[in-house]
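Got the viewer open? Let's take a short walk through the model, one selection at a time.

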Amino acid sequence: MLEPSGFAKMTKRTTLFIRIVEGKNLPVKDITGSSDPYCVVRIDNEAIIRTATIWKTLSPFWGEEYNVHLPPTFHTLSFHVLDEDSLSRDDVIGKVSITKEVLATKPQGFDGWMSLTEVDPDEEVQGEIHLQISIQTRRLRCHVFEARDLARKDRNGASDPFVRVRYNGKTHESTVVKRSCYPRWNESFEFELDESLCENTLSVEVWDWDLVSRNDFLGKVMFNISKLHSVQQEEGWFRLDPDKSKSSEYEGNLGSLRLQLRLRDERVLPSSHYRPLTELLCQAVSTNLNGNQPDLLMLIDETTTAESRQEVATNLVKLFLGHGLAKEFLDVLFKLELEKTSESNTLFRSNSLASKSMESFLKVAGMQYLHRVLGPTVNRVFDEKKYVELDPSKVEIKEAGCTGLHRIQTEAEVIQQSTQHLQSYLTELLHSIVKSKVKFIAVTSFLCLRFFSPAIMSPKLFHLREKHPDARTSRTLLLLAKAVQSIGNLDTLAVRSKEPWMGPLQPAIQQGIAQLKEFITQLISFEDKEELGEERLSLQPAGTLKEGFLFLHKTRDKCMLMASPFKKYHVTLRSNILSYAKTPNSKKSSFVSLQKVRAVEKVEEKSFGSSHVMQIIWSEEMEQIEILYLQCKSVNELNQWLSALRKSCIHNTETLNSYHPGVFKGDRWSCCHQKEKTAAGCDKTRHGVTLQEWNDPLDPDLESQLIFRHLLGVREAMRDKYLEVVKLEKDKDSFQSHEKDSELKDAASKLFQLLRDLQDIHEDLERSEKQKNTNCLLELQT
């Protein structure tokens, strides 16, 4: 039995899976009769992801997926589709918005098309306002303190906000605060209370003042005064809402997005509660090494549905990686796969739990290997931008030669030159694979089909490149991937019959097949345990978590910032420090101790004229606050560095609850205009918003919780399968079948009991939490 639930404390973890699949029927935005669409993902109007631009198409395919860790308090997820323009501001095409409440109603996730709607400025609101509403002797009083994180409506990257308060046909307005999205008013407005009104509501609206054009709407809050009578006063931060009285005229006429979304609010228990379950699963894997039947994993394999197979496979792989049993776990699944498969050339080509687990293992544990093996060749293809084409029907005849000596290349010359380029890339790639140390048809086809080829064709999706390739580079990569897949299939005749124009590459492919056979032979003949141990160690996270060139600016007591304060440095993030130097190999470097970091946040665009600046706030022994500003190239690079730093500082205790998103320039903060440099921050920190990266450390407790939730969902199906297996074994009526029946019964009984225990703990804690919230509400009301 597990320990009593009274001693447990749950941690809430909200994770949002996002896959931006494709778009269709987008409107024309360019004079060429097409568009160059990309997508920006926003959480509560904060941009966290930007997809690659897909050039010259009205039906773009992105296929990009992300996992975002969020605070449970987020409200809205939105996707803005834009058309990239090199000479002017990007055109807005449309957007899709989904509230947290809608996502929560789809526990299995959403997969489908959603129509783009017009981006209405009156709906693009964000931020909160601090108010106090009270009733005093038939007078209704509204005190407006301040607001934070308002929408930027002016070209200077700020707004000029004022408040308009309406009640019973009367209106009061506050003063205008110039150039601030964090205004402080501290003004009060009073109205005569009229209890006879049918709709007894108070409206507080925030507007951006404009001298020439009409004022821009920034959001509003509505209060039901009838309900306020019971408490007499209400004070707090209130989220600004859009003007819901409007409806878009263009819904359904701007094209559609296909999205895959899944929101998970997990309540994770301490490790000790999951230990019996993980030990039972590890035991099921370990006992299989002695020749026993994989009882529990067989039940999991048989009852996992196609829809959840990829997620379950990933969770199991991560769990067993953390316990050093990934190889043994895959061995068990391969044994089950072999028992169900009669043809060797179909092994691991289905969407079985074995193939999905192997695919997940390659992604989770093999990404570093993939970067080392494919990275140099893929980068070379991007950098050289050679014209490569083998298909005669697609060859473009172009001029060749130096200035003044131009001549038209023949089709044969283009194909010969393309063959040489591809042979060079293929030779380099195979050499890199073969020199790496990590029966034939199943292993090679799986490696090439599920691992190497997808990464070659879509390097951005495997984090090998930041952007998708252009048309020329994409074609070269496709031909290279075809060659690699031909080598993996160990069959050149099939390729020549389907695509005879690949013939010029056959000598290189034949040589590659021989090299790959020798490579696989060496792989499966490893018997040296020390060598295998070294390979396992290489799967662990490297000392360097992230590195690259960024522009930095450090400030201590400086009040005035130079016109161009940033200087280029090579920045390296390790587990305990962030260091920066002029070159990667520089002996002289500066550093920030991550234990002293108190916040990692974004900086307002108007502060430095860039929307891709972040700040690291830390304090030394004398409690002196220091700030390091880092400028990134794009929104993706900004959020990747933000996420990496926040995750590295997740266990820091002395973190800030508020910060200044602006800079202290002259005699005041640019964000809220406070004149004290040590004044409390005007915006709340966002420690909980991070992107999941391929090189993130494993989280055993979360993986255990995800596996528990899955097993709980298929418990009845597993019980039915267990009874079916027991009946089959009884029909055999042999000593071995009775022994197997006993082993399966013991394992299944333990599993079902552990699931019941964990379910009881979760239910007890949820009841306790609801009671605690009820008590707090009663205290507030009294």
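The tour goes from a sheet to a helix pair and then to a single helix. Keep in mind that this is a predicted model.

**Stop one: the sheet.** Select β3, β2, β5 and β6. In that order, the four strands make an open sheet with antiparallel pairing. Color residues 46-50 and 91-99 to pick out the edges: these are β3 and β6, and each pairs on one side only. Look down the sheet and you'll see the twist, which averages 25° from one strand to the next.

Now zoom in on β2, residues 37-43, where four bridges hold the antiparallel pairing with β3. Click on valine 41: its bridge partner in β3 is isoleucine 49.

**Stop two: a helix pair.** Select 326-340 for α6 and 353-384 for α7; their axes lie 9 Å apart, at an angle of about 150°. That angle is over 145°, so α6 counts as roughly antiparallel to α7. The crossing of α6 past α7 is left-handed.

Show side chains next. From α6, the contact uses Ala326, Phe329, Leu330, Leu333, Phe334 and Glu337, while α7 brings Leu353, Ala354, Ser357, Met358 and Phe361. What mix of residues is in this contact of α6 with α7? Nine are nonpolar, one is polar and one is charged. As for the spacing along a helix, an α-helix has 3.6 residues a turn, so residues three or four places apart point the same way.

**Stop three: α10.** Select 471-489 and put a distance between the end C-alpha atoms of α10: they are 27 Å apart, which agrees with the 27 Å that 19 residues should span at 1.5 Å a residue. Then step just past α10 to leucine 490, where phi turns positive, at about 55°.

Notes
Residues are numbered from 1 along each chain as its sequence is written. This is a predicted model: local features need pLDDT of at least 70, side-chain atom pairs count only at pLDDT 80 or more; totals for chains, interfaces and linings use all residues. Side-chain values use heavy atoms; hydrogens and water are left out. Helices (H or I, at least four residues) and strands (E, at least two) are DSSP runs, numbered from the N terminus. The expected span of a helix is 1.5 Å times one less than its number of residues. Axes are lines fitted to C-alpha atoms, for helices over the stretch in contact, and angles run from 0 to 180 degrees between N-to-C directions. Angles under 35 degrees count as roughly parallel, over 145 as roughly antiparallel, 65 to 115 as roughly perpendicular and the rest as oblique. A crossing is left-handed if the near helix is turned anticlockwise from the far one by less than a right angle, and right-handed if clockwise. Contact means heavy atoms within 4.5 Å. Ala, Val, Leu, Ile, Met, Phe, Trp, Tyr, Cys and Pro count as nonpolar, Asp, Glu, Lys and Arg as charged, and the others, Gly among them, as polar. Two strands pair if DSSP finds at least two bridges between them.
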